[in-house]
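I opened the notebook to look up a few things in this structure. My topics are the pocket, the aromatic rings and one arginine.

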Amino acid sequence: MEKLPISILEKLRGHYLSGTPVGEVADEDYERIKASIRDHLELLLNEHSGVLEHVDAYFRDVKNSKGYGMPELSEFFFNHSQDKETRRERLRQALEHLIKTFEPRLTNVQIEDVDENKSAGSDAAFVSMAMRYHLKASLKKREDVAFETVFLPDKPAKVEEIDT
(Lines give C-alpha, C1' and ligand atoms only; values in the text may rest on other atoms or scores of the structure.)
Protein backbone atom coordinates (compact mmCIF):
# COMPACT_ATOMS: atom_id res chain seq x y z
CA MET A 1 0.00 0.00 0.00
CA GLU A 2 1.19 3.52 -0.87
CA LYS A 3 2.79 5.45 2.01
CA LEU A 4 0.70 8.36 3.28
CA PRO A 5 2.12 11.79 2.47
CA ILE A 6 2.40 14.41 5.21
CA SER A 7 1.16 17.99 5.30
CA ILE A 8 3.36 20.91 4.27
CA LEU A 9 3.77 22.09 7.88
CA GLU A 10 4.76 18.65 9.11
CA LYS A 11 7.28 18.39 6.30
CA LEU A 12 8.73 21.78 7.24
CA ARG A 13 8.80 21.08 10.98
CA GLY A 14 9.72 17.39 10.88
CA HIS A 15 7.14 16.63 13.56
CA TYR A 16 3.39 16.67 14.16
CA LEU A 17 1.76 19.40 16.26
CA SER A 18 1.75 16.94 19.15
CA GLY A 19 5.57 16.95 18.98
CA THR A 20 5.82 13.37 17.70
CA PRO A 21 8.49 13.05 14.99
CA VAL A 22 6.98 12.36 11.57
CA GLY A 23 8.83 9.04 11.18
CA GLU A 24 7.39 7.61 14.40
CA VAL A 25 3.76 7.41 13.25
CA ALA A 26 2.91 4.27 11.30
CA ASP A 27 0.58 4.54 8.30
CA GLU A 28 -1.75 2.10 10.09
CA ASP A 29 -2.14 4.32 13.15
CA TYR A 30 -5.39 5.86 11.90
CA GLU A 31 -6.31 7.60 15.14
CA ARG A 32 -3.03 9.52 15.30
CA ILE A 33 -3.19 10.31 11.59
CA LYS A 34 -6.79 11.58 11.88
CA ALA A 35 -5.77 13.70 14.90
CA SER A 36 -2.86 15.09 12.86
CA ILE A 37 -5.19 15.91 9.97
CA ARG A 38 -7.63 17.62 12.33
CA ASP A 39 -4.81 19.69 13.85
CA HIS A 40 -3.48 20.63 10.42
CA LEU A 41 -6.95 21.61 9.15
CA GLU A 42 -7.44 23.81 12.20
CA LEU A 43 -4.13 25.57 11.53
CA LEU A 44 -4.87 25.91 7.82
CA LEU A 45 -8.32 27.42 8.45
CA ASN A 46 -6.96 29.91 11.00
CA GLU A 47 -4.02 31.20 8.96
CA HIS A 48 -4.27 34.13 6.57
CA SER A 49 -3.66 33.38 2.91
CA GLY A 50 -0.02 33.71 1.89
CA VAL A 51 1.46 33.14 5.34
CA LEU A 52 3.99 30.57 4.02
CA GLU A 53 4.99 32.20 0.72
CA HIS A 54 8.52 32.84 2.00
CA VAL A 55 9.32 29.11 2.27
CA ASP A 56 9.08 28.33 -1.46
CA ALA A 57 12.69 29.31 -2.14
CA TYR A 58 14.00 27.01 0.62
CA PHE A 59 11.91 23.88 0.15
CA ARG A 60 11.80 22.96 -3.51
CA ASP A 61 10.28 19.52 -2.77
CA VAL A 62 7.31 21.03 -0.90
CA LYS A 63 4.17 21.83 -2.88
CA ASN A 64 3.99 25.52 -3.74
CA SER A 65 2.88 27.25 -0.56
CA LYS A 66 1.31 30.29 -2.22
CA GLY A 67 -2.26 30.50 -1.07
CA TYR A 68 -1.74 28.54 2.15
CA GLY A 69 -4.36 29.84 4.57
CA MET A 70 -7.83 31.33 4.41
CA PRO A 71 -8.84 34.37 2.40
CA GLU A 72 -10.02 37.37 4.40
CA LEU A 73 -13.14 36.12 6.23
CA SER A 74 -14.74 39.55 6.45
CA GLU A 75 -15.44 39.19 2.71
CA PHE A 76 -17.72 36.26 3.53
CA PHE A 77 -19.39 37.76 6.59
CA PHE A 78 -19.73 41.45 5.73
CA ASN A 79 -19.63 41.82 1.93
CA HIS A 80 -23.22 42.91 1.43
CA SER A 81 -22.79 43.36 -2.32
CA GLN A 82 -23.45 39.60 -2.53
CA ASP A 83 -26.34 37.65 -1.05
CA LYS A 84 -25.74 35.30 1.87
CA GLU A 85 -26.02 32.12 -0.26
CA THR A 86 -23.37 33.39 -2.70
CA ARG A 87 -20.99 34.27 0.14
CA ARG A 88 -21.53 30.86 1.76
CA GLU A 89 -20.89 29.08 -1.54
CA ARG A 90 -17.71 31.09 -2.12
CA LEU A 91 -16.46 30.09 1.34
CA ARG A 92 -17.36 26.43 0.66
CA GLN A 93 -15.36 26.56 -2.58
CA ALA A 94 -12.39 28.20 -0.83
CA LEU A 95 -12.42 25.47 1.83
CA GLU A 96 -12.55 22.72 -0.77
CA HIS A 97 -9.67 24.25 -2.74
CA LEU A 98 -7.48 24.72 0.35
CA ILE A 99 -8.03 21.20 1.62
CA LYS A 100 -7.48 19.57 -1.78
CA THR A 101 -4.31 21.62 -2.24
CA PHE A 102 -2.71 21.46 1.20
CA GLU A 103 -3.91 18.27 2.90
CA PRO A 104 -2.39 15.50 0.75
CA ARG A 105 -3.59 12.65 2.98
CA LEU A 106 -7.20 13.22 1.95
CA THR A 107 -8.86 12.24 -1.33
CA ASN A 108 -12.44 12.50 -2.57
CA VAL A 109 -12.85 15.74 -0.62
CA GLN A 110 -16.43 16.98 -0.35
CA ILE A 111 -17.50 20.10 1.54
CA GLU A 112 -21.14 20.44 2.54
CA ASP A 113 -22.67 23.72 3.68
CA VAL A 114 -24.68 22.94 6.82
CA ASP A 115 -27.69 25.04 7.76
CA GLU A 116 -26.49 27.94 9.90
CA ASN A 117 -29.64 27.92 11.99
CA LYS A 118 -28.57 24.73 13.75
CA SER A 119 -26.90 25.12 17.11
CA ALA A 120 -23.59 26.98 17.26
CA GLY A 121 -22.90 25.83 20.81
CA SER A 122 -22.38 28.59 23.34
CA ASP A 123 -22.34 31.18 20.56
CA ALA A 124 -26.13 31.20 20.14
CA ALA A 125 -26.10 34.96 19.61
CA PHE A 126 -24.07 34.41 16.46
CA VAL A 127 -26.15 31.54 15.04
CA SER A 128 -27.44 33.66 12.18
CA MET A 129 -23.85 34.63 11.30
CA ALA A 130 -22.30 31.20 11.78
CA MET A 131 -21.05 29.46 8.66
CA ARG A 132 -20.92 25.73 9.31
CA TYR A 133 -19.43 23.10 7.01
CA HIS A 134 -18.92 19.35 6.99
CA LEU A 135 -15.90 17.84 5.31
CA LYS A 136 -16.14 14.26 4.11
CA ALA A 137 -13.13 12.58 2.54
CA SER A 138 -11.17 9.37 2.21
CA LEU A 139 -7.90 8.79 3.98
CA LYS A 140 -5.86 7.82 0.90
CA LYS A 141 -7.79 4.64 0.04
CA ARG A 142 -7.94 3.47 3.65
CA GLU A 143 -11.12 4.70 5.34
CA ASP A 144 -13.55 7.59 5.29
CA VAL A 145 -13.16 10.54 7.64
CA ALA A 146 -15.43 13.47 8.45
CA PHE A 147 -14.88 16.79 10.21
CA GLU A 148 -17.02 19.81 11.05
CA THR A 149 -15.96 23.42 11.27
CA VAL A 150 -17.88 26.54 12.24
CA PHE A 151 -16.77 30.01 11.24
CA LEU A 152 -17.88 32.96 13.36
CA PRO A 153 -16.91 36.60 12.75
CA ASP A 154 -14.82 37.03 15.90
CA LYS A 155 -13.67 33.52 16.82
CA PRO A 156 -11.03 31.14 15.50
CA ALA A 157 -12.31 28.22 13.44
CA LYS A 158 -12.48 24.95 15.35
CA VAL A 159 -12.32 21.60 13.58
CA GLU A 160 -13.91 18.54 15.18
CA GLU A 161 -14.04 14.97 13.94
CA ILE A 162 -17.62 13.74 13.38
CA ASP A 163 -19.12 10.37 12.47
CA THR A 164 -18.98 9.50 8.78
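**Pocket lining**

I sorted the residues that line the largest pocket by character: nine are nonpolar, two are polar and three are charged. The model I am reading is a predicted one.

Next I looked up the volume of this largest pocket. It is about 200 Å³. The lining has 14 residues, and I noted those closest to the pocket centre: Leu45, Asn46, His48, Leu73 and Lys155.

Which elements give two or more residues to the lining? I found helix H2 (30-46), E3 and strand E4 (155-161). E4 supplies the largest share of the lining, with three residues.

**Aromatic pairs**

I then turned to the rings. I wrote down both the distance of the centres and the angle of the planes, because a pair of aromatic rings is described by these two values. How many aromatic pairs are there? The count is two.

One is the pair of Phe77 and Phe78, with 6.1 Å between ring centres and 45° between planes. I logged this pair as tilted, because the angle is neither under 30 degrees nor over 60.

I checked how far each of these two rings is covered. Phe77 has a relative accessible area of 5%, so I entered Phe77 as buried, the cut-off being under 20%. Phe78 has 44%, so I entered Phe78 as partly exposed.

Tyr133 and Phe151 form an aromatic pair too, at 6.3 Å centre to centre and 70° between the planes. I logged the pair of Tyr133 and Phe151 as edge-to-face, because the angle is over 60 degrees. Where do the two residues sit? Tyr133 is in strand E2 (residues 131-139), and Phe151 is in strand E3 (residues 144-152). The pair therefore ties together parts that lie 18 residues apart in sequence. I have both Tyr133 and Phe151 down as buried. E3 was already in my notes as one of the elements that line the largest pocket.

**Arg92**

My last entry is on Arg92, which I located in helix H4 (residues 84-102). Is Arg92 buried or exposed? Its relative accessibility is 16%, so Arg92 counts as buried, under the 20% cut-off.

I looked for side-chain partners. A polar contact of 2.9 Å links the side chains of Arg92 and Glu89. I then set aside the neighbours within four places in sequence and listed what else Arg92 is in contact with: Ile111, Asp113 and Tyr133. Tyr133 is also the partner of Phe151 in the edge-to-face pair.

Notes
Residues are numbered from 1 along each chain as its sequence is written. This is a predicted model: local features need pLDDT of at least 70, side-chain atom pairs count only at pLDDT 80 or more; totals for chains, interfaces and linings use all residues. Side-chain values use heavy atoms; hydrogens and water are left out. Rings of Phe, Tyr and Trp (its six-membered ring) pair if their centres lie within 6.5 Å; planes under 30 degrees apart count as stacked, over 60 as edge-to-face and the rest as tilted. Buried means under 20% relative accessible area, exposed over 50%, partly exposed in between (1.4 Å probe, protein chains only). Helices (H or I, at least four residues) and strands (E, at least two) are DSSP runs, numbered from the N terminus. On a 1 Å grid over the protein atoms alone, a cavity is a set of points where a 1.4 Å probe fits but cannot get out, and a pocket is an open set with protein on both sides within 12 Å along at least five of seven lines; lining residues have an atom within 4 Å of a point. Grid points are joined across faces, edges and corners, and a volume is the space filled by probe spheres set on the points. Ala, Val, Leu, Ile, Met, Phe, Trp, Tyr, Cys and Pro count as nonpolar, Asp, Glu, Lys and Arg as charged, and the others, Gly among them, as polar. A polar contact is a pair of N or O atoms within 3.5 Å; within protein, one must be able to donate a hydrogen and the other to accept it, and residues adjacent in sequence count only if both atoms are side-chain atoms. Contact means heavy atoms within 4.5 Å.
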